[in-house]
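Subject: Structure handover

Hello,

Here is the structure for you to look through. My notes on it follow below.

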Amino acid sequence: MFFYHFGKYLLFLKNVFTKPENLKVYWKEIVREMNLIGVGSFGIIAVISIFLGAVTCIQTAYQLVSNLIPRDIIGVITRDSVIIEFSPTICLLVLAGRVGGSIASELGTMRVTEQIDALEIMGVNSTGYLVLPKIIASVITIPMLVVISMFLGIFSAYLIGPLTGVISGAEFISGVLRDWNPYIVFVALIKTYIFSFLLSSVSAYQGFYTKGGALDVGVSSTKAVVYSSVLILFADYLVAQVLL
Amino acid sequence: MIELKNVSKSFDSNQVLKNISATFKPGITNMIIGGSGSGKTTLLKCMIGLHEIDAGEINYDGIDFSKLDFKEKIPIRKEIGMLFQSAALFDSMNVEDNILFPLNMFSDFTKEEKLDRINFCLKRVNLENVNQLKIADLSGGMKKRVGIARAIAMQPKYLFCDEPNSGLDPKTSIIIDNLIREITLEYQITTVINSHDMNSVMEIGDHIIFLHQGQNWWEGSNTELIKSDNQEVNEFVFASKLMKSKYQ
């Protein structure tokens, strides 16, 4: 069963990446999807990032109570945790629910209402037309959201630290700047590109091959969220193993 | 002209179509009728390439469509218009964008020419000033008419209609039937309609194929249909009291 779906997924991707019939029409779709995925997800990503950064700062401070440890280490740990793990992984897991579920239900509904059949009869490569813009839009906008999330996470920690008295602003800034290694941003972005591709393509695959009716659209959406979340976590482990 | 030669199709061990041969000529309304499960929808889906056939030929003006790959099918597909049972309009777009879609994809028209074509198609199906309406705001009859407008936007040579009257009131059904017939005659299109609506069959059925157990059981015109002595055909045609009182 696994190999059947894996093979079908690869063939699906092959169809997705065939030459578009009309670049202008595809470009319009990419812009529309970028708006839906990127702008539409900004709010939830902003809220999550603010809380992630704040909670990371407070919990790190709670665990580092020893006087032997310099307090600016809270800034170092918050920075590294937010950049390398929380922003790429937690945000992508949330987006798997928001974006992945939406992609699968949109394509699933189009399948059961024969809209995909209508495209195919017209001679349009339905896989390419419907899925390629979603993948491109995801791979462009989600990394942007993740970068914004990194800044918001660290900034919220910078605000919440002094506010709760766990660390002063100067100590936090000193920690954030200490032993700065840009390589962690590189790893975080590599993760984000891989996760974005997995999220959009796996969700699209689940939605595109929906069979049946409204109930099955729900099943496809659930599968899209579950499978893409598990694959994101698995890829997270692999990237960490290979790049760190 | 569309020619079917010994078309067979199975799903697992269930043979749905058995050696179906038929010819659908342009300029007349060809209808495929039959009871539920007789294979009407499967035959239509095979003809438009949504299902691969197991054996036989589907010839579009001499070209065997079933043997072509996806890319080779595209020129023929551009000449096909399809009206789905549910209309299958793109609900993320408004009426104008639905009709514009095939024009944007495949035509070299200028913006003005495209708009003229959209307005012409909408006028042809007796819908005007609905360009900006959302699909969700349309009635069932309007959706079917927009579906027809989209189907004829690229001036197709072949028009397929899957249960064009399902879910419509009798008056709107007649309007849709007449519209399909008028378009067929006007543009000399090869039209194939899949239906089990006997009113529609008697109204516009020039050439009828009756499917039974996946076979081409009977073939003829609507006047021949009511005079047929075939038992299965009679059971289907005169199933309603209305048909009995009107024609028997």
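This is a predicted model. The largest nonpolar core has 124 residues. Those with the most contacts inside it are A:Leu199, B:Met47, B:Met82, B:Ala149 and B:Phe160. Domain 1 (2–79 + 158–247) and domain 2 (93–155) of chain B both give residues to this core, so the core lies between them. B:Ala149 is a good place to start looking at its contacts. Leaving out residues up to four places away in sequence, B:Ala149 touches B:Ile99, B:Cys121, B:Leu122, B:Arg124, B:Val125 and B:Leu127.

**Contact between the chains**

The contact takes 13 residues from chain A and 14 residues from chain B. On the side of chain B that touches chain A, three elements each supply at least two residues: helix H2 (70–77), strand S6 (80–83) and helix H3 (95–106). H3(B) gives the most, with three residues. By class, this side of chain B has 10 nonpolar, two polar and two charged residues.

**Chain B overall**

Chain B has 10 helices and 10 strands. A compact globule of 248 residues would have a radius of gyration near 18 Å; chain B has 18 Å, so the two agree. Along the principal axes, its C-alpha atoms fill a box of roughly 55 × 45 × 30 Å. Of the 248 residues in chain B, 43% are buried. Take the contacts in chain B with a separation of 6 or more: 65% of them join residues 24 or more positions apart.

**The two domains of chain B**

The domain assignment splits chain B into domain 1 (2–79 + 158–247) and domain 2 (93–155). Their C-alpha centres lie 25 Å apart. Across the boundary, 10 residues of domain 1 of chain B are in contact with 10 residues of domain 2 of chain B. Helix H6 (residues 170–187) of chain B gives the largest share of the domain 1 side, five residues. By class, that domain 1 side has seven nonpolar, two polar and one charged residues.

**A four-stranded sheet**

Chain B holds an open sheet of four strands. The order is S2-S1-S4-S5, with antiparallel pairing. Strand S2 (14–24) and strand S5 (63–64) of chain B stand at the edges. Each has a single partner strand, so one side of each is left without a neighbour in the sheet.

Now the pairings of S1(B). S1(B) and S2(B) pair in the antiparallel sense over seven bridges. Here B:Val7 has B:Ile20 in S2(B) as its bridge partner. The hairpin of S1(B) and S2(B) has two residues between the strands, and B:Asp12 takes a positive phi near 55° in this hairpin. Strand S1 (residues 2–11) of chain B also pairs with strand S4 (residues 55–60) of chain B, in the antiparallel sense, over five bridges. Two positions in S4(B) are worth finding on screen: B:Ile58 stands opposite B:Leu4, and B:Ala55 stands opposite B:Ser8.

**Backbone angles to check**

Most residues other than glycine have a negative phi. Which residue in the loop between helix H4 (111–124) and helix H5 (140–152) of chain B should you look at? That loop holds B:Asn126. B:Asn126 is not a glycine, yet has a positive phi of about 60°. B:Asn126 counts as exposed because it has 11 C-beta neighbours inside 10 Å, and the cut-off for exposed is 12 or fewer.

B:Gln155 also has a positive phi, about 50°, and is not a glycine. B:Gln155 lies in the loop between H5 and strand S7 (158–162) of chain B. Is B:Gln155 exposed, partly exposed or buried? With 13 other C-beta atoms within 10 Å, B:Gln155 is partly exposed.

**One more residue**

B:Asn234 sits in helix H9 (residues 231–237) of chain B. B:Asn234 has 15 C-beta neighbours inside 10 Å and counts as partly exposed. B:Asn234 and B:Lys244 are 10 residues apart in sequence. In space, C-alpha to C-alpha, B:Asn234 and B:Lys244 are 9.9 Å apart.

Best wishes

How values were computed:
Residues are numbered from 1 along each chain as its sequence is written. Chains are lettered from A and ligands numbered from 1 in the order in which they are written. This is a predicted model: local features need pLDDT of at least 70, side-chain atom pairs count only at pLDDT 80 or more; totals for chains, interfaces and linings use all residues. A nonpolar core is a set of buried Ala, Val, Leu, Ile, Met, Phe, Trp, Tyr and Cys residues joined through C-beta atoms within 7 Å. A residue is buried if 20 or more other C-beta atoms lie within 10 Å of its own, exposed if 12 or fewer, and partly exposed in between; C-beta atoms are placed from the backbone. Domain bounds come from an automatic or database domain assignment. Two residues are in contact if their C-beta atoms, placed from the backbone, lie within 7 Å. Ala, Val, Leu, Ile, Met, Phe, Trp, Tyr, Cys and Pro count as nonpolar, Asp, Glu, Lys and Arg as charged, and the others, Gly among them, as polar. The radius of gyration is taken over C-alpha atoms; the globule rule is 2.2 Å times the number of residues to the power 0.38. Two strands pair if DSSP finds at least two bridges between them.
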